[in-house]
Each structure stands twice: as C-alpha cells, then as structure tokens.
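Reader: I should like to learn how to read several features of a protein model, taking each general idea together with its case. May we begin with the cysteines?

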Amino acid sequence: IGDAFPFYDPGMFPVWDPYGTPSEFTIYAADLTSWCQIEWDAPQTWPCHFVVGGVEAEHIAIPGVITEVQDYAFSGCAYLKSVAIPPSVLRIGTQAFDGCGLKEVRISDLSAWCGMTFEDLYSNPLSYECKLILDGEELKDLVIPEGATLINDYVFASCSRLTSVTIPSSVTSIGEYAFYDCYGLTSVEIP
C-alpha cells in the first residue's frame with residue numbers, strides 16, 4: 001500500500017456473522033493528517049475501532065495543519081470519546097462524525113468555531129449531545145465573543161448542556177439550525 005494510501009488495513013473490511021449483519025471491525029491509519037485528507041465516497045455504517053499509529057484512538061486531536069476534515073472521515077468510529085479541533089479547521093465534511101460515541105469536543109477559539117462550516121448535522125461532533133470544552137472549561141453559559149460576525153449552520157446543534165447564550169451586536173448572521181436541539185437553553189440574550 002505504501003505512500004499511495006496512508007493507512008494499512010488488514011481489518012478494514014467487516015466480519016460478517018452468520019445472519020448477514022456486520023460485526024465490529026478496525027480501521028488502521030498511519031497518522032491523522034493524512035487520514036483527514038482522504039476523500040471518501042460513503043460512510044462507515046457499522047461500529048469500528050480506529051487505530052492511529054498502532055494505538056487504538058479514544059481521544060484524537062486534529063492536527064493544526066488541517067483546514068478541512070473530509071466527508072465521512074470518522075463516521076462509524078463508535079469508540080472515539082473526544083476530539084480536539086484546532087482553529088485552523090474551516091470546514092468539516094458531510095457526516096464526518098456520524099456514528100461516533102463522542103462525549104466531548106475540545107476547542108481553543110470560540111470565534112473560529114462560530115465561523116466553521118459544517119456540511120450537515122452529523123458533520124458537527126456536538127451532534128451526540130457531548131460537552132463543548134473551551135480552553136479546558138465546559139461551556140454552559142455561552143458568550144459569543146465581541147467581534148464575531150456570524151454563527152454558522154449547525155455550530156451548536158445538539159449542544160444540550162448549554163443553559164444560556166449571549167450574542168453580541170457584532171453578529172449579523174445566525175445560520176440554520178445553529179442552536180437546533182439545544183433543549184437545555186433557558187436564556188438567550190440578543191442586543
């Protein structure tokens with residue numbers, strides 16, 4: 001396989017049980033930088049383990065050189081527990097985190113997060129009602145930074161742990177489903 005494919009996958013394909021339903025399988029990736037750039041045609045639709053550099057990944061940090069996470073990149077990776085997404089990421093592709101078992105999403109730049117493009121609900125790793133962690137602290141009382149001009153589609157969708165949101169006057173656009181299924185919200189302040 002070598003350099004043509006940045007992963008070695010002796011267990012990439014599912015093992016079928018006698019009844020014809022897929023059981024768990026393992027995806028092997030050499031590194032996350034290469035993995036995030038692979039263009040997939042379809043999602044992984046069954047639970048899989050994700051091994052990076054020979055170690056099963058439960059917690060991953062998207063490398064800071066990545067600007068785009070491709071469609072379906074982590075779909076089906078049911079054993080991922082957390083992901084750290086740097087401000088360099090501008091777009092997350094279709095269903096990139098569909099079927100993941102994420103419990104938390106870590107970010108370091110709230111303005112960059114608000115401007116990120118998510119292609120659909122399952123592009124956003126928050127779609128599984130996990131914690132949003134900013135600089136080590138869980139966000140429950142969300143204050144969008146002054147100077148942010150937009151809150152893109154799906155940015156906080158399913159972030160049910162949010163209890164309040166304060167949006168500054170600098171925000172001129174709030175995208176579709178930006179706060180979809182944020183059922184924990186009790187207060188929204190817009191000047």
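Author: The model is a predicted one. Cysteine 36 has a relative accessible area of 0%, and buried means under 20%, so cysteine 36 is buried.

Reader: How many disulfides does the structure hold?

Author: A disulfide is a covalent bond between the sulfur atoms of two cysteines. The structure holds zero of them. Cysteine 182 is in no disulfide, and its nearest cysteine sulfur, which belongs to cysteine 159, is 5.8 Å away. The cut-off for a disulfide is a pair of sulfur atoms within 2.5 Å.

Reader: Is cysteine 182 buried or exposed?

Author: Cysteine 182 counts as buried, at 7% relative accessibility.

Reader: How should I read the pairing within a sheet that holds E1, E2 and E3?

Author: Strands of a sheet pair through backbone hydrogen bonds, either parallel or antiparallel. Here three strands form an open sheet in the order E1-E2-E3, and the pairing is mixed. At the edges stand strand E1 (25–29) and strand E3 (55–56); each has a single partner strand, so one side of each is left without a neighbour in the sheet.

Reader: Which sense does each pairing take, E1 with E2 and E2 with E3?

Author: E1 and E2 are joined by five bridges in the parallel sense. Within that pairing, phenylalanine 25 has cysteine 48 in E2 as its bridge partner. Strand E2 (residues 48–52) pairs with E3 in the antiparallel sense, over two bridges. Valine 51 stands opposite glutamate 56 in E3.

Reader: How many of the five residues of E1 are buried?

Author: Four of the five are buried, and E1 is thus described as mostly covered. In general, the side chains of a regular strand alternate between the two faces of the sheet.

Reader: What is the strand order of the open sheet that contains E5, E7 and E9?

Author: The order is E5-E7-E9, and the pairing of these three strands is parallel. Strand E5 (68–69) and strand E9 (117–118) are at the edges with a single partner strand each, so one side of each has no neighbour in the sheet. E5 is joined to strand E7 (residues 91–92) by two bridges. Valine 69 is placed opposite isoleucine 92 in E7.

Reader: How are aromatic contacts described, and how many aromatic pairs does a search of the whole structure find?

Author: A pair of aromatic rings is described by the distance of the centres and the angle of the planes. The search finds nine aromatic pairs. For tyrosine 177 and tyrosine 180, the ring centres are 5.6 Å apart and the planes stand at 85°, so this pair is edge-to-face. The cut-off for that class is an angle over 60 degrees. Tyrosine 177 is partly exposed at 46% relative accessibility, and tyrosine 180 is also partly exposed, with a relative accessible area of 40%.

Reader: Which residues form one aromatic cluster?

Author: The cluster consists of Trp35, Trp40, Phe50, Phe74 and Phe97.

Reader: Finally, how many cavities of 30 Å³ or more are found in the whole structure?

Author: The search finds one. The largest cavity holds about 40 Å³ of space.

Reader: Which residues line the largest cavity, and how does the lining divide by character?

Author: The lining is formed by Ile85, Pro86, Pro87, Ile107, Ser108, Asp109, Ala112, Trp113 and Met116. Seven of these residues are nonpolar, one is polar and one is charged.

Key
Residues are numbered from 1 along each chain as its sequence is written. This is a predicted model: local features need pLDDT of at least 70, side-chain atom pairs count only at pLDDT 80 or more; totals for chains, interfaces and linings use all residues. Side-chain values use heavy atoms; hydrogens and water are left out. Rings of Phe, Tyr and Trp (its six-membered ring) pair if their centres lie within 6.5 Å; planes under 30 degrees apart count as stacked, over 60 as edge-to-face and the rest as tilted. Buried means under 20% relative accessible area, exposed over 50%, partly exposed in between (1.4 Å probe, protein chains only). Two strands pair if DSSP finds at least two bridges between them. On a 1 Å grid over the protein atoms alone, a cavity is a set of points where a 1.4 Å probe fits but cannot get out, and a pocket is an open set with protein on both sides within 12 Å along at least five of seven lines; lining residues have an atom within 4 Å of a point. Grid points are joined across faces, edges and corners, and a volume is the space filled by probe spheres set on the points. Ala, Val, Leu, Ile, Met, Phe, Trp, Tyr, Cys and Pro count as nonpolar, Asp, Glu, Lys and Arg as charged, and the others, Gly among them, as polar.
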